[in-house]
Amino acid sequence: MKVLVTAGPTREALDPVRYLTNRSSGKMGYALAQAFAEAGHETLLVSGPTELDVPSGVDLLPVESALEMFDAVRRHLFRMEAAVFCAAVADYRPAKASAQKMKKGDDSITLEFVKNPDILGSARKEFGFQGTLVGFAAETQNLETYARAKLLRKGCDLIIGNDVSKAGIGFDSDRNELLLVYPDHSESLPEDEKHHLAPRLVREIERLEATRKQ
Ligand code: CTP
Ligand code: CA
């Protein structure tokens, strides 16, 4: 398969020296990209800034902001058979990024934010993607309900849910515990190393893609 994976956080600039971001380490997305490449798939990793090494055999397309990630996905998705959206995209960006460094002045300041485009949510509707579409849902409560709502809203074949309120797993960790949410059922994968979960997810996505092609 040709597969696109998004990973990492995005950085939303406030001025040339400051940005808003989130806690994503990129580990799950990089582990998945590595597992896809090891299984022989042509893998494009569209990644926000991380500390991780690019897995061998994976093509890296580095981006910073959500808008850059949106653009990179828009340009490459049409030639993919499967796409997995692991990135922790910032939901909002500062309404205007200052060209010059902001100077300290008032005792308090208020910043205005505007919503970023939903990249995964654009795959079917805006980019016309018909391949196997997989998203993640990081939740602190109501995991299955929220994950299933995202599956329907974004037109996914699978949402991989994880409960980020649990200590020691998920964000910034080497371990994760996942809930696979499909249109007609769900299945939990017990806590394990992200590097062990990734090949399992790859087999699942291979199966979905084989079913789609029938
Ligand atoms: N996602 C995306 N673009 C965005 C926001 C999210 O592509 N602007 C993708 C993520 O990569 C993930 C899925 O959508 O695969 C769900 O992300 P999440 O943040 O859990 O969902 P949101 O739709 O942003 O809803 P909320 O944050 O309110 O729960
Ligand atoms: Ca979000």
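**Exercise 1. Work out where Ser122 sits and which residues it touches.**

Start with the contacts: leaving out residues up to four places away in sequence, Ser122 touches Phe70 and Phe127, where contact means heavy atoms within 4.5 Å. Next, place it: Ser122 belongs to helix 3, residues 119–125. Helices here are DSSP runs of H or I with at least four residues, strands are E runs of at least two, and both are numbered from the N terminus. Last, check the accessibility: Ser122 counts as buried because its relative accessibility is 7%. The scale calls a residue buried under 20% relative accessible area, exposed over 50% and partly exposed in between, with a 1.4 Å probe and protein chains only.

A quick word on what you're looking at: this is a predicted model, where local features need pLDDT of at least 70, side-chain atom pairs count only at pLDDT 80 or more, and totals for chains, interfaces and linings use all residues. Residues are numbered from 1 along each chain as its sequence is written, chains are lettered from A and ligands numbered from 1 in the order in which they are written, and side-chain values use heavy atoms, with hydrogens and water left out.

**Exercise 2. Describe how helix 1 and helix 5 pack.**

Step one is the geometry. Helix 1 (residues 27–38) meets helix 5 (residues 194–213) at an angle of about 55 degrees, and their axes are 8 Å apart. The axes are lines fitted to C-alpha atoms, for helices over the stretch in contact, and the angles run from 0 to 180 degrees between N-to-C directions.

Step two is the label: that angle makes helix 1 oblique to helix 5. For the cut-offs, under 35 degrees is roughly parallel, over 145 roughly antiparallel, 65 to 115 roughly perpendicular, and the rest oblique.

Step three is the handedness. The crossing of helix 1 past helix 5 is right-handed, which is to say the near helix is turned clockwise from the far one by less than a right angle, anticlockwise being left-handed.

Step four lists who does the touching. Helix 1 brings Lys27, Met28, Ala31, Leu32, Gln34, Ala35 and Phe36, while helix 5 brings Lys194, His195, Leu197, Ala198, Pro199, Leu201, Val202 and Ile205. Sorted by class, the contact of helix 1 with helix 5 holds eleven nonpolar, two polar and two charged residues. In this scheme Ala, Val, Leu, Ile, Met, Phe, Trp, Tyr, Cys and Pro are nonpolar, Asp, Glu, Lys and Arg are charged, and the others, Gly among them, are polar.

**Exercise 3. Find the protein donors of the calcium ion (ligand 2).**

Look for N, O and S atoms within 2.8 Å of the metal, or 3.2 Å for Na, K and Ca; water is not among the atoms, so sites may look incomplete. The search gives Asp91 (OD) and Asp91 (OD), lying 2.5 Å from the ion. Now trace the chain: Asp91 is in the loop between strand 6 (82–85) and strand 7 (92–94).

**Exercise 4. Take helix 4 and the loop before it: what do Asn142 and Lys154 look like?**

Begin with the loop. Asn142 lies between strand 9 (132–139) and helix 4 (143–154). Its backbone is worth a look: Asn142 has a positive phi of about 45 degrees although it isn't a glycine. With 43% relative accessibility, Asn142 is partly exposed.

Then move to Lys154, in helix 4. Lys154 counts as buried because its relative accessible area is 13%. Setting aside neighbours within four places in sequence, Lys154 contacts Asp118, Leu120, Gly121, Arg124 and Leu133.

**Exercise 5. Sketch the surroundings of Leu44 and Asp192.**

Leu44 first. It's in strand 4 (residues 42–47), and at 9% relative accessible area Leu44 is buried. Beyond its neighbours within four places in sequence, Leu44 contacts Val3, Leu4, Val5, Asp59, Leu61, His76, Arg79 and Met80.

Now Asp192, in strand 12 (residues 186–193). Asp192 is partly exposed, at 27% relative accessibility. Outside its neighbours within four places in sequence, Asp192 contacts Asp174, Arg175, Asn176 and Leu197. For a distance check, the C-alpha atoms of Asp192 and Ile169 are 23 residues apart along the chain and separated by 9.0 Å.
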